[in-house]
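Please open the model in your viewer and keep the selection tool at hand. The tour moves from one element to the next.

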Amino acid sequence: MAKELEREGIPTVLLCNIVPIALTVGANRVVPTRGIQYPTGDPSLSREQEQAWREHLLMTALKALETPVTGPTVFPPDPKE
Amino acid sequence: MLRIVHYINQFFAGLGGEEKADLKPEIRTGPVGPGRLLQSLLRGKGEVVATLICGDTYFAEQPEEACRRLADLLFTLKADLILAGPAFASGRYGLACGEVARMALNELAIPAVAAMHPENPGVQAAAAGAYIVPCGSSAASMKEALPPLLALGIKLASGSALSPDVDGYLPRGIRKNVTADLPAAVRAVNMVLAKIAGRPFTSEIPLPQFDRVSPAPPVFDIRQATVALVTESGLVPAGNPDRIESSRASHFARYSIGGLGAFASGKFESVHGGYSTDLANADPNRLVPLDVARRLQGAGGIAGLYDYYFTTVGNGTSVQKAQAFGREIAAEIRSSGVKAAILTAT
């Protein structure tokens, strides 16, 4: 789905845990996340910490949408966030 | 005597070109057009008892109605075999031939084979179980295209076991158990040795070929962009109103998030069958980050969110389906001025 959106000219960032699959299939903007069951969360954190993590992920994703790429590219979030 | 019914379009029936492409399904007794050549190839082994004709546009615009009408026409014919095409590289004709072959086999239990070029979009019917033999891209190869179509049809109608390797039809994505001569470990090591030595070998698991999409140009300033939220995580309103399947999803849905500040637990839930959904159901924003996206919107990080989010279940869902979902979503959001998409995947 990410590829078809990009094919139609809509920059699309894919937030997912299994990055090798995303790259093999050919998603162009990939932000790695912490778990299959919670792409934009981390249940091991407190509620406030999890909100901050989600915000950091989203900021990373927005940056990816503003970045020119030439092929499948990973935009890693800062693990310390 | 094998009773064969042949499916062709308006063009090969000699009724006309594009101006006749909305022709409704109709029937003629005996062979028409390329069916005459089929009849001569049969040499007494069978008879083309009737020809079904349908306009390409008519079929493409209402495939279900076209199939229903064709099935009605087939009802009294007591066909032993349906042959469709060859459609060569013609897209709408190929779609029709593939669909007719699929419908006859799967829904009417009549052996059926279509012929078309391997890059015809109609070959997608093979994944749904249709037998499709490859042929050239234009009608100039009609003479070469018909014998394999007929041969596979006769063999299928005889009830013989078939395989794509031996019988030359396009793989239907069906795996059959076979007994190998050697254990898997030995076969794997033999393949590695052959690969190292540069000898030819055949993988037992053909790798899917994924195409590459040129990246979309980036958003110049995301703070001025409306962004759409898309997910394959199966997040739906509680109760799953559109019955999205927990695996092998056949459709996606869109739900309003207008005026919604976050996904509330209990009001939204995941119906994905491929992972444990407890953690997501406790806080659905772990699947689609609506709460933080709204906060960023309030702080000027993005101009806005599209009024709907799009959702399906990416669990065993076919690439073809996912592509179709992506195309439909793209068409909608592009016409609504959305500049970028955030897609979360489980």
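Select strands β1 (residues 2-9) and β3 (46-54) of chain B: β1(B) and β3(B) pair in the parallel sense over 8 bridges. Strands here are DSSP runs (E, at least two residues), helices are DSSP runs too (H or I, at least four), and both are numbered from the N terminus. Two strands pair if DSSP finds at least two bridges between them. Within this pair, I4(B) has V48(B) in β3(B) as its bridge partner.

The model is predicted, so local features need pLDDT of at least 70 and side-chain atom pairs count only at pLDDT 80 or more, whereas totals for chains, interfaces and linings use all residues. Residues are numbered from 1 along each chain as its sequence is written, chains are lettered from A and ligands numbered from 1 in the order in which they are written, and side-chain values use heavy atoms, with hydrogens and water left out.

Stay with β1(B) and ask how many of its 8 residues are buried. The count is 7, which leaves the strand mostly covered. Buried means under 20% relative accessible area, exposed over 50%, and partly exposed in between (1.4 Å probe, protein chains only).

Next, add strand β4 (residues 81-84) of chain B. It runs parallel to β1(B), and 4 bridges join the two. In this pairing, H6(B) has L83(B) as its bridge partner, and Y7(B) stands opposite A84(B). Both faces of β4(B) are covered: L81(B) and L83(B) are buried on one side, I82(B) and A84(B) on the other.

Now extend the selection to strand β5 (residues 112-116) of chain B, which pairs with β4(B) in the parallel sense over 3 bridges. Here L83(B) stands opposite V113(B). Between these two strands the chain passes through helix α4 (residues 91-108) of chain B, in a right-handed β-α-β crossover. Right-handed means that, with the strands pointing away from the viewer, the path from the first strand over the helix to the second runs clockwise.

Show the whole sheet. It is open, with 6 strands in the order β2-β3-β1-β4-β5-β6 (chain B) and mixed pairing. Its edge strands, each pairing on one side only, are β2 (26-29) and β6 (131-134) of chain B. From one strand to the next the twist averages 25°.

Then select helix α1 (residues 34-42) of chain B, which lies across β1, β3 and β4 of chain B and runs at about 165° to β3(B). Axes are lines fitted to C-alpha atoms, for helices over the stretch in contact, and angles run from 0 to 180 degrees between N-to-C directions.

Turn to helix α3 (residues 63-74) of chain B, which packs against α4(B) at an angle of about 60°, with the axes 11 Å apart. The contact (heavy atoms within 4.5 Å) is made by C67(B), L70(B), A71(B) and L74(B) of α3(B) with E99(B), V100(B), M103(B) and L108(B) of α4(B).

Finally, select I244(B), in the loop between β8 (235-237) and β9 (253-256) of chain B. Is this residue buried or exposed? I244(B) is buried, with a relative accessible area of 3%. Not counting residues up to four places away in sequence, I244(B) touches several residues, including V236(B), F252(B), V271(B) and T312(B). For a sense of distance, G136(B) is 108 residues from I244(B) in sequence and 39 Å away in space, C-alpha to C-alpha.
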